[in-house]
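Me: I should like a close look at a single part of this model, together with whatever surrounds it. Which residues face outwards there, which face inwards, and what do the latter meet?

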Amino acid sequence: KKKTDALNQAVTDATTARTTAHNDANTEMTTAQNSNVGNESAVQTAESNLQKVLDDSNATTQQIEDATTALTQAVSDAQSARSDATTDANTADSNAKSSAVSNEYVVQQAETQLETVLKDPTSTTADIQKATDNLNNVVSSSLSSRNEEIAIASNLKDADNTKPVSYEEGV
């Protein structure tokens, strides 16, 4: 009787553990899908892998738990990367707004593009990084052009342009 009771208890415990693992997996998949990183490729891959394990009738409880942990980690990693990208984007936007070229059309367009990407819930971290890089490049390029124009103007101002036009040949 003790062996039968122990066996029955082991089956009950295993069934409970498997049900808990399934419930936890489904909860984590819902959390991932509803998160701001649900469309990141690493999260989608981990979610797909978890679904394959859940669909496999021969999968062990440990395999379900491991796949759930992998999805949890993928979401955490993606959220961390997105947070870093958003911080970088906000810094770039702030720097652009306070730069000497903030009124340049191309800079304003790049800022608008970045702000649009940041507000779009379907944007990926890579989209944010790309728009941030674009803004940084546009600001850098605009500053370089501005500095070149200032140098040219300064050189022209310093040149000897004091002779009247009537001294020029052919006048």
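Reply: **Helix H2 and its surroundings**

In H2, the exposed residues Ser41, Lys52 and Asp55 lie on the other side from the buried ones. Exposed means over 50% relative accessible area, buried under 20% and partly exposed in between, with a 1.4 Å probe and protein chains only. This is a predicted model, in which local features need pLDDT of at least 70 and side-chain atom pairs count only at pLDDT 80 or more, while totals for chains, interfaces and linings use all residues. Residues are numbered from 1 along each chain as its sequence is written, and side-chain values use heavy atoms, with hydrogens and water left out.

The buried residues of H2 are Val43, Ala46, Glu47, Leu50, Val53 and Leu54. They share one side of the helix because they cover an arc of only 120° around its axis, the arc being that of the directions from the axis to the C-beta atoms. H2 itself comprises residues 41-55, with 15 residues and a reach of 21 Å from first to last C-alpha, close to the 21 Å expected at 1.5 Å a residue. The expected span is 1.5 Å times one less than the number of residues. Helices (H or I, at least four residues) are DSSP runs numbered from the N terminus, as are strands (E, at least two).

What lies over this buried side? The cover includes helix H1 (2-34) and helix H3 (61-97). Leu50 gives a detailed example: apart from its neighbours within four places in sequence, its contacts (heavy atoms within 4.5 Å) are Ala25, Met29, Ile64, Ala67, Thr68 and Leu71.

Leu50 also belongs to the largest nonpolar core, which has 17 residues; those with the most contacts inside it are Val43, Leu50, Leu54, Ile64, Leu71 and Val75. H1, H2 and H3 each supply at least two residues of this core, and H3 gives the largest share, six residues. A nonpolar core is a set of buried Ala, Val, Leu, Ile, Met, Phe, Trp, Tyr and Cys residues joined through side-chain atoms within 4.5 Å. In soluble globular proteins, nonpolar side chains tend to be buried together.

The loop between H1 and H2 adds polar detail. Ser35 is found in this loop and is buried, with a relative accessible area of 19%. A polar atom of the Ser35 side chain lies 2.8 Å from the backbone oxygen of Ala32. Glu40 and Arg82 meet through their side chains in a salt bridge (3.7 Å, N to O). Glu40 lies in the loop between H1 and H2 and Arg82 in helix H3, so the pair ties together parts that are 42 residues apart in sequence. Both ends are buried: Glu40 has 12% relative accessibility, and Arg82 has a relative accessible area of 7%.

The Glu40 pair can be set against the whole structure, where a search finds four salt bridges. A salt bridge is a side-chain nitrogen of Lys or Arg within 4 Å of a carboxyl oxygen of Asp or Glu. Away from H2, Asp93, Lys97, Glu111 and Glu115 are linked in a network of salt bridges. Within this network, Lys97 and Glu111 meet at 3.5 Å, N to O, which links helix H3 with helix H4 across 14 residues.

Note on methods: Polar contact = N/O pair within 3.5 Å; in protein donor to acceptor, adjacent residues only side chain to side chain.
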